[in-house]
Amino acid sequence: MSDPESRGESINALVQSAYAGRIGRRTFLKGLLALGVAAAVARDMADHAAHAQANQKSQLAALKREYDYIVVGAGSAGCVLAHRLSENGRHSVLVIEGGGTNLDQDKIVNPLLYTRNFGTDTDWGNKTVPQKHMMGRTIAAPLGKIIGGGSSINATVWLKGDKSDYDTWAQVAGPGWGFASVIRGLKRAERYAGGEGELRGGSGMIAVRKPALDHPVTLAFMASAIELGKQKHIDVNNVASLADVTGQQDVNADGSMRRITTAHAYLLPALVRSNLTLLPSATVTKLEIKGGDCQGVSVSVDGKVRRFSARREVILSAGALHSPKILMLSGIGPARHLREIGIPVLMDVPGIGSNLQDHLLARVLFEAKDTLAPRLDTGHSGIAYHRSDATLPGPDIQVYGRSEVPGLADLKPNQAFAILAGLMKPRSRGTVRLTSPDPSALLAVDPNYLEDPADLEAFITAIEFAMAIGNARGFEHLRKQQITLPRADRGQIAQYLRTSASTYWHYVGTCAMGRHASAPVDEALRLRGVRRLRVIDASVIPTIPSCNTHAPLLALAERAAEIVLGAA
């Protein structure tokens, strides 16, 4: 690591420790000065951190019974809403988060360690039910249990998706959710290191950059994709149509490889505001609904139940698994299921917890002729989009490269490279269901992977395309042999996918928005049938986009904040 990178990492570590209250103002200031931060800037940073820490301590010591807005969940969408709803100073905002605030952990700081969060204190610990179309396998269903939510435990890939993704949103939920609106929200969220573009934000909240472009695997990947007919656009996020594009994805990590979460970008800067209160390590167990109004929430805090009222609205931002969970615990959901669990039915809403969608992922491994150059940056090494059917309006396959493969028995990480293939537009739909009326019980998560035969056919095509890239001339100087399924037919590939495919953990759709009365949430993100209650998170996404879902979710949250404040 270079000296500038080391310095940046040390500064970020100090900032996180200061906001978390683990070091005082004097220690923070001395540390900044020792790292070469100008005295005036260091004093300003130290003052802000100390102010935020003191302000939140004061707010928590004097919790009110009523706030204008209650935001349930300080995940990706919740952090956006916390910042935007408190920004004008006119509204009091209470943000309730079930997880903690310690972002300064290696498994969070370093994106390469993101899977180490799964099944630990920073994950809610859910798993899928056995997947009957994937050999009965049970798969982890992680959900970030910390401020920043999924943005604190994901792989930091930042992609905007294809125009056709949002044309579909507009068809379902109205023109306010079309491509132009999503791009406007994305520009508010994004601060791209390459500056603003037609479809890119240059002055938004989340620092985004492109990983290194000159690793041999990256260059070979793009050369091979071009050989197979893809058009080269290094900045794939500044292209409307991705159907036949290759380039390099972006990451929301700084130059020293430290993750930039929504908590860093949106929440921490807002903690100095006297009208914003963050209540961490507190779990919302039920919505308080009377006479068709959502009046507030019941919360478990230090083993005791507390109730908070909302003068304006309660906003559910607990994610695609936990937002339907909270609604069902409150008696809103499929009536038959609620009765089976023993929960009194307040409203029969079949769409709550239904329509679950996720991306599936599998990899093709190649042994290198010689030891590869060390991994650069995050190890992301090119991306390409493909259509399993040329008549599709946009891509349903995402393929990307990795410049090293850890964990192989007979090869070192830099003696192999991987081409990974993702099924991005699944037709299969699953469910999220309760297992108990106990709010602490784990969920029954059933993505129903590969239930639709068309998904398996498209996924096989995705693997064939990944194999074609790895075996193209662009990799000829690097490739020794294909390790995964050499000379396999489609039947063998199908068996491989059923037995080894994993997921991106991109859950969406369980409280889908739409103009039709059957959609649980309307186009203004209000839960149908209950006043003063909105759902704003990945659960409202009606159809999954053809990319990693973090950037589209923040674009949605930014657009949602405009809608909420416009109604205020």
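**Aromatic contacts and charges over rings**

K145 lies over the face of W124, 4.6 Å from the ring centre. The model is predicted. It holds six aromatic pairs. Two stacked pairs, a ring cluster and a second charge over a ring are set out below.

**Y166 and F179**
- The ring centres of Y166 and F179 are 6.3 Å apart, and the planes stand at 25 degrees.
- That angle is under 30 degrees, so the pair counts as stacked.
- Y166 belongs to helix α6 (residues 163-173). F179 belongs to helix α7 (residues 179-189).
- The pair therefore ties together parts that are 13 residues apart in sequence.
- Y166 and F179 are both buried.

**F366 and F417**
- Here the ring centres of F366 and F417 lie 5.2 Å apart.
- Their planes are at 10 degrees, so this pair is stacked.
- F366 sits in strand β15 (residues 360-368), and F417 in strand β18 (residues 416-423).
- The pair links distant parts of the chain, 51 residues apart.
- F366 is buried, and F417 is buried too.

**Ring cluster**
- Y114, F118 and W505 form a cluster. Ring pairs link them.

**Charges over rings**
- W124 has K145 over its face, at 4.6 Å from the ring centre.
- W177 has the charged end of R559 over its ring. The distance to the ring centre is 5.9 Å.

Note on methods
Residues are numbered from 1 along each chain as its sequence is written. This is a predicted model: local features need pLDDT of at least 70, side-chain atom pairs count only at pLDDT 80 or more; totals for chains, interfaces and linings use all residues. Side-chain values use heavy atoms; hydrogens and water are left out. Rings of Phe, Tyr and Trp (its six-membered ring) pair if their centres lie within 6.5 Å; planes under 30 degrees apart count as stacked, over 60 as edge-to-face and the rest as tilted. Helices (H or I, at least four residues) and strands (E, at least two) are DSSP runs, numbered from the N terminus. Buried means under 20% relative accessible area, exposed over 50%, partly exposed in between (1.4 Å probe, protein chains only). A charge sits over a ring if NZ of Lys or CZ of Arg is within 6 Å of the ring centre and within 35 degrees of the ring normal.
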